[in-house]
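Colleague: Could you walk me through one part of this model in detail? I'm still learning to read structures, so please take it step by step.

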Amino acid sequence: MFKIGIMGERDSVLGFKAVGLSVFPVEQMEEAEKTIDRLAKDDFAVIYITEQLAQNLKEVIEKYKDSSLPAIIPIPGNSGSKGIGMQVLKDAVERAVGANILEAF
Amino acid sequence: MAVMRVNPTRMELTRLKKRLKVARRGHKLLKDKRDELMKKFLELVRKNKELREKVEELIMQVHENFLVARAVMSHEALEEALMLPKMSVALRVSTENVMSVDVPVFEFDTGDNDIKDIYSYGFSNTSGELDSAVSALYDVLPYLLDLARMEKSAQLLAEEIEKTRRRVNALEHVLIPRLTETIKYITMKLDENERGNLTRLMKVKDMMLEEARKGVN
């Protein structure tokens, strides 16, 4: 059985505990990197990560991009969407097509 | 394009011709694979984009709800209320094969709780805002999971497309021209040898005729 985790600032992610996700509040960046690595080894198939955190953890997220598990998905935190999630999608399109054609949709 | 360093022999020629045939075939197959992958990918990305927009909107609403809940309740009370969740989400992961790419499929299982039973706290000490926040979050959950599946699939497909495209290009612009060039070189060399041989034979014949005529006289 796999688990779902969520990482981010305490205030953004606390509520997700109510619906049964494993919540990992993170304040320090070094700590966050270690947490991701630990979760990846530890049967977490999906890790949601708030955008505020994701923009500082690009390298770590990049590392898990090409492996089938875990899926690290940026979601907006409580200070609003920064468009990082969309950027990830755009990067994927650019990688596959060679040009960004997402705007055309 | 550079010619490969090979011996210009007939055997080498047949070998190279065979390789060219295989390369052409591989090129065609890979090109088809790339086109099909691209089709799937674009379809997926379009859906993914819509879903992400929707999820982001929903999540912002959830955050707003929680913000209100935090405002009307004390921090400790809120944390206490959420400390022991009733619901647990277990995830089943299987893989689906899309054009030889294994993409994950997530199915989640919230246990046997029914929907009215998602609140992990008594209602007396908590505010109604918290209830609506939790319920909104519960509604977002399936979308969130779907988003995870799609986004991971998109990333994996993108990787595969990139790889396939590189292979197609390598075949098209490097290997196949080089093979054709080498084959041409060998054919020309062999023809040249043939011509050289022929002239030599004609020359020998002339010399022999000369000799014979001298013998007669």
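In the hairpin formed by strand 1 of chain B and strand 2 of chain B, how many residues lie between the strands, and which residue in the turn has a positive phi?

Modeller: Happy to! Keep in mind that this is a predicted model. Two residues separate the strands of that hairpin, and the one in the turn with a positive phi, about 50°, is Met99(B). Strand 1 of chain B covers residues 90-98, while strand 2 of chain B covers residues 101-109. The two run antiparallel and are joined by nine bridges. To see one pairing for yourself, find Ser94(B): its bridge partner in strand 2 is Val105(B).

Now look at the surroundings. None of the nine residues of strand 1 of chain B is buried, so this strand lies largely in the open. Still, the hairpin does meet chain A. Val46(A) has contacts beyond its sequence neighbours that include Leu91(B) and Phe106(B). Leu91(B) falls within strand 1, residues 90-98, and Phe106(B) within strand 2, residues 101-109. Val46(A) also touches Ala148(B), and within its own chain Ile4(A), Pro70(A), Ala71(A) and Ile73(A).

Val46(A) leads us to the interior. The largest nonpolar core has 61 residues, and Val46(A) is among those with the most contacts inside it, along with Met7(A), Ile47(A) and Leu157(B). Helix 3 of chain B supplies the largest share of this core, 15 residues. As a general point, nonpolar side chains tend to be buried together in soluble globular proteins.

Definitions and conventions. Residues are numbered from 1 along each chain as its sequence is written. Chains are lettered from A and ligands numbered from 1 in the order in which they are written. This is a predicted model: local features need pLDDT of at least 70, side-chain atom pairs count only at pLDDT 80 or more; totals for chains, interfaces and linings use all residues. A residue is buried if 20 or more other C-beta atoms lie within 10 Å of its own, exposed if 12 or fewer, and partly exposed in between; C-beta atoms are placed from the backbone. Helices (H or I, at least four residues) and strands (E, at least two) are DSSP runs, numbered from the N terminus. Two strands pair if DSSP finds at least two bridges between them. A nonpolar core is a set of buried Ala, Val, Leu, Ile, Met, Phe, Trp, Tyr and Cys residues joined through C-beta atoms within 7 Å. Two residues are in contact if their C-beta atoms, placed from the backbone, lie within 7 Å. Lists of a residue's contacts leave out its neighbours within four places in sequence.
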